[in-house]
Amino acid sequence: MEEAFPLYRWPDAARLCLRMLGNNKALWEEEVFKFVKCQRLRSVSAYLPTSEDCKLDPHVYEMVLYEFLKFDVKGFLNLIKEWPFQLYNGLAVINAIHDNFRKQDANELLESLALLYSYQGDYESALRMYLKLQNKDVFELIRRYELYNVISKLIIPLINLDRERAFKILLDRSKIKPEVVVHQLENNQEYLFLYLDSLQKVNSNNIFQHKLVSLYAKYDRTKLLPFLRRSKEYVIQDALAICKREEFYPEMVYLLGCMGGVEAAEALNIIIHRIKDVEMAIEFCKEHDDNDLWNTLIDESTKQPEIITKVLDGIVDFVNPEVVVSKIKMGQTIPNLRKSVINMLWHYNIQEELLFTALRMQLDDYFETHSEVVALHRRGQQVSYNQCCAQCQCPILMKNDNFNSIVGFKCGHMYHELCLLSNDYCTECQMWNSQPTEVE
Ligand SMILES: [Zn+2]
Ligand SMILES: [Zn+2]
């Protein structure tokens with residue numbers, strides 16, 4: 001060992017060391033310094049004892065690592081993966097990497113840092129390294145070590161890396177709370193929109209859904225109106241302000257309609273003048289069925305002859321068409337009015353016919369029932385010896401002069417006239433309108 005080795009003999013020397021030195025710690029440390037001087041530590045690295053019972057001074061391993069770091073980053077990364085991390089001072093190695101960071105070796109160095117940080121238990125830094133590497137193993141690391149508390153500040157980079165896998169974690173409330181995610185995503189409105197839109201589907205009662213009004217307005221308007229109709233968790237005035245700013249008329253109509261009163265009139269105004277949809281205006285008036293709204297619509301329609309017939313067609317059953325007709329000015333030309341009036345009359349004819357048929361059916365039914373009642377009243381009533389007076393419970397037919405007058409009711413009960421309390425009803429069934437029949 002003392003004499004100089006030719007370059008190619010260094011691995012042999014290292015193997016020789018293993019044979020000669022075995023597990024003798026002191027001898028190993030002494031010999032290693034000879035490799036240091038010639039920067040040949042890389043040859044000896046494979047033979048250095050790393051077991052628990054023959055651990056060398058941490059500096060020895062660190063020196064080996066530094067030499068690899070300087071001349072062979074791939075070998076360096078392999079050692080970081082292979083050697084038990086207790087052999088050396090991890091923080092010292094981390095600092096050495098930062099001091100010797102070279103862009104051309106960034107991948108190996110970042111991966112080494114990620115491993116070293118996770119050995120240290122500093123998972124947040126480890127995740128940052130993986131994220132810099134754009135390495136999707138990061139999701140596996142999160143899952144395996146349940147790093148859900150650690151990822152809160154890394155949410156945006158995680159979504160950047162793999163939106164689908166990131167959202168799978170973020171939408172699991174048992175792993176990360178929505179308030180944490182929302183707080184982090186405030187700086188990225190598009191991600192916030194994607195997150196809350198998905199959260200809405202798994203948890204429709206979440207307290208952040210009011211934010212969706214402005215987010216839908218910005219990123220996906222088609223979802224705005226259905227959301228406004230479905231959710232109760234937003235402030236109607238705030239939503240209205242957003243829709244006004246964006247000039248979203250159908251959404252404004254819905255919100256104003258919900259507010260009712262003066263606002264409903266404003267909504268109708270928007271339908272007529274902005275959206276210019278007569279059918280929608282008619283539907284709106286039908287929905288709210290308010291005289292003031294109908295009057296507004298009718299007044300507007302008389303100013304625009306081309307829509308007056310549509311109004312006439314639409315208001316049947318709700319408003320007397322006379323009101324509309326009376327507002328038409330003399331000499332005003334209204335296209336298709338004749339057809340509309342015919343339609344209207346036809347509609348009223350049908351209504352009249354319906355009423356008449358209903359009335360006839362009712363009368364038929366009445367007469368039929370009445371004749372049944374009359375037939376019932378005409379029916380005779382049988383009196384026999386085994387029947388008793390409903391009051392005194394004695395036989396109804398007695399040879400006693402005081403009891404020879406009998407009163408019978410339609411219900412079938414019989415009384416001696418003397419026993420009867422009232423002629424107006426049968427006391428047994430309290431039938432007030434049961435008509436008595438007197439039998440001598
Ligand atoms: Zn009696
Ligand atoms: Zn009775």
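The zinc ion (ligand 2) has four protein donors, Cys-411 (SG), His-413 (ND1), Cys-426 (SG) and Cys-429 (SG), which lie 1.9 to 2.3 Å from the metal. The structure described here is a predicted model. Along the chain, the donors of the zinc ion (ligand 2) are spaced as C-x1-H-x12-C-x2-C. The arrangement around the zinc ion (ligand 2) is tetrahedral because its four donor atoms subtend angles of 101 to 122 degrees, and four donors count as tetrahedral if all angles lie between 85 and 135 degrees.

The zinc ion (ligand 1) is coordinated by Cys-389 (SG), Cys-392 (SG), His-416 (ND1) and Cys-419 (SG), at 2.1 to 2.4 Å. These donors of the zinc ion (ligand 1) follow the pattern C-x2-C-x23-H-x2-C. Cys-389 and Cys-419 link distant parts of the chain, 30 residues apart. Cys-389 belongs to the loop between α23 (337-378) and β1 (406-409), whereas Cys-419 belongs to the loop between β2 (414-416) and β3 (436-439). Angles of 99 to 117 degrees between the four donor atoms make the arrangement around the zinc ion (ligand 1) tetrahedral. For four tetrahedral donors, the ideal angle at a metal is 109.5 degrees.

The table gives the relative accessible area of several donor residues.

| Residue | Relative accessible area | Class |
|---|---|---|
| Cys-389 | 0% | buried |
| Cys-419 | 14% | buried |
| Cys-426 | 0% | buried |
| Cys-429 | 29% | partly exposed |

Cys-419 counts as buried because its 14% falls under the 20% cut-off. Cys-429, at 29%, is partly exposed.

Key
Residues are numbered from 1 along each chain as its sequence is written. Chains are lettered from A and ligands numbered from 1 in the order in which they are written. This is a predicted model: local features need pLDDT of at least 70, side-chain atom pairs count only at pLDDT 80 or more; totals for chains, interfaces and linings use all residues. Side-chain values use heavy atoms; hydrogens and water are left out. Donors are N, O and S atoms within 2.8 Å of the metal (3.2 Å for Na, K and Ca); water is not among the atoms, so sites may look incomplete. Four donors count as tetrahedral if all angles lie between 85 and 135 degrees; four count as square planar and six as octahedral if opposite donors are over 155 degrees apart and all others between 65 and 115; anything else is irregular. Helices (H or I, at least four residues) and strands (E, at least two) are DSSP runs, numbered from the N terminus. Buried means under 20% relative accessible area, exposed over 50%, partly exposed in between (1.4 Å probe, protein chains only).
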